[in-house]
Amino acid sequence: MPEDLWTPVELGSGTTVRVHHREAGRGGRPLVLVHGLGMSGRSMRPAMALLARSRRVLAPDLPGYGRTRGASRTLGVPGLSDALERWLDAVGLPEVDLVGHSLGAQVVADLARRRPERVARLVLCGPTRDPSAPTWVGQAWRLLLDAPRERPGLLLVAVTDYLRAGPLAMVSVLRHAIRRPEEQAMGEVDVPTLVLRGSRDPVAGQQWCEDLAAVLPQGRLQVVPGGAHGLNFSSPDEFADAVAGFCR
């Protein structure tokens, strides 16, 4: 079973939050799993149980999500990326393999772009923001389309986590995220990177993921047949196999 831990993290301007994370396993280079918009590390638990059989795995709740209280303001992608790096410092993880799901993919990619020496391997699972849905309404509609394709258990986690994060805060972060020119920024992420998507994922389309893998200096694409957006929860075996195979 994962262990629940809290670590004080200084976010700057005198603001300190106690960041909650789940941790399991031991050995190997630490593997950090970062959740998507509105979610928490709970969404990583099925895959975490599989990956922790052979290595140390950690899944933080970023500030404002899950069991980590929010900062004085809602953090966008750069703020969440900075908070993630500060948490890595506080926990004592100088170099890790990073896996980000959905919005979490933008967060971990931003960290890898700024601090490539800290990221040995990077996995972007179901990455946002697909430019074929350029508005937050379009992105939200795609999430609704995805819902019946997921395991019911993920929907229960999502409802709890979304209510805890707050719908207004989620919309604010989503609006900020879709304005970021990810295609340009990804060209500066010069670490080995796997773009991972499910073949039935309506949020991260095939063309978008192909384009993303092509612009990454060390990128490659892997598609899980029949997988939906929430591979980490609804297809944990396939997700864990892909992550473990890439993050050797």
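Helix H4 (136–146) gives the largest pocket the largest share of its lining, six residues. A quick word on terms. Helices (H or I, at least four residues) and strands (E, at least two) are DSSP runs, numbered from the N terminus. A pocket is an open set of points on a 1 Å grid over the protein atoms alone, where a 1.4 Å probe fits, with protein on both sides within 12 Å along at least five of seven lines. Lining residues have an atom within 4 Å of a point.

This is a predicted model: local features need pLDDT of at least 70, side-chain atom pairs count only at pLDDT 80 or more, and totals for chains, interfaces and linings use all residues. Residues are numbered from 1 along each chain as its sequence is written, and side-chain values use heavy atoms, leaving out hydrogens and water.

Back to the pocket. Thirty residues line it; Leu37, Leu143, Ala158, Tyr162 and Met170 lie nearest its centre. Helices H4, H5 (152–165), H6 (167–178) and H9 (231–234) each supply at least two lining residues.

Now the sheet. Eight strands form an open sheet, in the order E1-E2-E4-E3-E5-E6-E7-E8, with mixed pairing. Strands E1 (3–12) and E8 (219–224) are at the edges with a single partner each, so one side of each has no neighbour in the sheet. Two strands pair if DSSP finds at least two bridges between them. Take E3 (residues 31–34) and E4 (residues 57–60): they run parallel, joined by two bridges. Leu31 has Val57 in E4 as its bridge partner.

What packs on this sheet? Helix H2 (residues 77–91) does, touching E1, E2 (15–24), E3, E4 and E5 (96–101). Contact means heavy atoms within 4.5 Å.

Look at Thr7, in strand E1. Is Thr7 buried or exposed? Thr7 is buried, with a relative accessible area of 12%. Buried means under 20% relative accessible area, exposed over 50%, partly exposed in between (1.4 Å probe, protein chains only). Leaving aside residues up to four places away in sequence, Thr7 touches Val17, Arg18, Val19, His21, Trp87, Ala90 and Val91.

Last stop, helix H3 (residues 103–114). Ten of the twelve residues of H3 are buried, so H3 is largely enclosed by the rest of the structure. Among them are Leu103, Gln106, Asp110 and Leu111. Does its length add up, and what should H3 span? At 1.5 Å a residue, 16 Å; the end C-alpha atoms are 17 Å apart, which agrees. The expected span is 1.5 Å times one less than the number of residues.

Key: Axes fitted to C-alpha atoms, helices over the stretch in contact; angles between N-to-C directions.
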